[in-house]
Amino acid sequence: MEAPLHPHRPIDPSRPDAPDPVCWVSPRHLAGDDGALAEKVGGTLAGLGWCMWPTSRNTLLYMSPDGLCGAEWILAAYPFELGGLPVAWQVSVRPHAASAMTEWNAYFTTGVPYEALADLLVAIGTREAPDVGFEGPETVLKALTAQGWIRDVDRPRTTASDPGFAASVSLEVLPPLVQDADPRSGLVGWQAWAEPVLGAPYQWCASFSASVPHGLVAAFASSLASPIPVPRRTVPECSEGRIRVVRRS
């Protein structure tokens, strides 16, 4: 039976040290990061064999075994914001291990569901040529519509939203500070965000630079839109009333 999941539950006075129960909730794109975005994504990277070391900027830098892919937890450095939210993870790919310049970058704020970012990293790790892609934008939109998302009436070739119109993925002009190997101005890249309450602050945002392969964005989008429930101990207050409890552990 489904029921609303409230973000704050009273503590059982008979068990003051008991952890919050895990609930399996949906939809995923509004489930938040459970306050564990660094740990969950870091665990995924460790499982993929990526090496990690702390930097002088108080960030955590992970590098793939072949040296081509990097992922950095940069929340402490607070480099810039997307949609008014601090960027927490930056993922990048280089054309070859000796290159000082990245081919493309992707950025994720706090609050993004960690499952979607983890699935993107798995897709990067299994891709034979992570800096080259031959898929077109339709690949991303098909990944979303296959999970029940709806194409925008006015922009059916570039934008799709969830059935509740609380989250969107769209091909847009890149925001400032998003870096890409292509130096031209006015480039477009995939942007994703959740806005559970229209006009209220965003719950999370993600930005992919222009050269990110569409197939990799599709992996993120497909996971984001997946109907499979995810485990959470807490959910964002802004999602209250839109989150459904599927079952409790």
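Reader: Among contacts in the protein chain between residues at least 6 apart in sequence, what share joins residues at least 24 apart?

Author: The share is 60%. Keep in mind that this is a predicted model. One example of residues that are distant in sequence is Glu-135 and Gly-215: they are 80 residues apart along the chain, yet their C-alpha atoms are 5.9 Å apart in space.

Reader: What makes Glu-135 and Gly-215 a contact, and what else does Glu-135 touch?

Author: A contact needs heavy atoms within 4.5 Å. Glu-135 touches Gly-215, and also Arg-127 and His-214, leaving aside residues up to four places away in sequence. As for its place, Glu-135 sits in the loop between H2 and H3.

Reader: Why is Glu-135 called partly exposed?

Author: Its relative accessible area is 30%. Buried would need a value under 20% and exposed one over 50%, so a value in between is called partly exposed.

Reader: How many helices and strands does the protein chain have, and what part of its residues is buried?

Author: There are four helices and 15 strands. Of the 249 residues, 48% count as buried.

Reader: Let's look at some strands. How do you know that E3 and E4 pair?

Author: Pairing takes at least two bridges. Strand E3 (residues 51-54) and strand E4 (residues 60-63) are joined by four, and the two run antiparallel. In one of these matches, Met-52 has Tyr-62 of E4 as its bridge partner. Five residues lie between the strands of this hairpin, where Asn-58 takes a positive phi near 65 degrees.

Reader: What makes E4 and E5 a pair?

Author: The test is again at least two bridges, and E4 and strand E5 (residues 69-73) have four, in the antiparallel sense. Met-63 stands opposite Gly-70 in E5. This hairpin also has five residues between its strands, and Gly-67 takes a positive phi near 75 degrees.

Reader: Now the rings. Why is the pair of Tyr-62 and Trp-89 called tilted?

Author: The ring centres lie 5.8 Å apart and the planes meet at 45 degrees. Rings pair if their centres are within 6.5 Å, and planes neither under 30 degrees nor over 60 degrees apart count as tilted, so the name fits. Tyr-62 lies in strand E4 and Trp-89 in strand E7 (residues 85-93), so the pair ties together parts that are 27 residues apart in sequence.

Reader: Why does the pair of Trp-73 and Trp-89 get the name edge-to-face?

Author: Here the planes stand at 65 degrees, with the centres 5.5 Å apart. An angle over 60 degrees counts as edge-to-face, so that is the name for this pair. Trp-73 is in strand E5 and Trp-89 in strand E7, 16 residues apart. Ring pairs link Tyr-62, Trp-73 and Trp-89 into a cluster.

Reader: How do you know whether Trp-73 and Trp-89 are buried or exposed?

Author: The cut-off for buried is a relative accessible area under 20%. Trp-73 has 15% and Trp-89 has 1%, so both pass as buried. Tyr-62 is buried as well.

Reader: What about Ser-92: is this residue buried or exposed, and what does it touch?

Author: Ser-92 belongs to strand E7. Its relative accessibility is 15%, and values under 20% count as buried, so Ser-92 is buried. Leaving aside residues up to four places away in sequence, Ser-92 touches Leu-68, Cys-69, Gly-70, Thr-102, Trp-104 and Asn-105.

Reader: On to the helices. Why are H3 and H4 called roughly parallel?

Author: Helix H3 (residues 138-145) and helix H4 (residues 214-224) pack at an angle of about 15 degrees, with axes 8 Å apart. Angles under 35 degrees count as roughly parallel, so H3 is roughly parallel to H4. Residues making the contact include Thr-139 and Val-140 of H3 and His-214 and Gly-215 of H4. The crossing is right-handed.

Reader: At what angle do H2 and H4 cross?

Author: The axes of helix H2 (residues 114-126) and H4 come within 8 Å and cross at roughly 150 degrees. This crossing is right-handed. Among the residues in contact are Leu-117 and Leu-120 of H2 and Phe-220 and Leu-224 of H4.

Reader: What makes H4 a mostly covered helix?

Author: Nine of its 11 residues are buried, among them Leu-216, Val-217 and Phe-220. The elements covering the buried residues include H2, H3, strand E8 (104-109) and strand E11 (167-173).

Note on methods: Residues numbered from 1 in each chain as written. Predicted model: local features only at pLDDT ≥ 70, side-chain atom pairs only at ≥ 80, totals over all residues. Heavy atoms only, no water. Phe/Tyr/Trp six-rings, centres within 6.5 Å; stacked < 30°, edge-to-face > 60°. Buried < 20%, exposed > 50% of the residue type's maximum accessible area, 1.4 Å probe, protein only. Axes fitted to C-alpha atoms, helices over the stretch in contact; angles between N-to-C directions. Parallel < 35°, antiparallel > 145°, perpendicular 65-115°, else oblique. Left-handed = near helix turned anticlockwise from the far one by under 90°.
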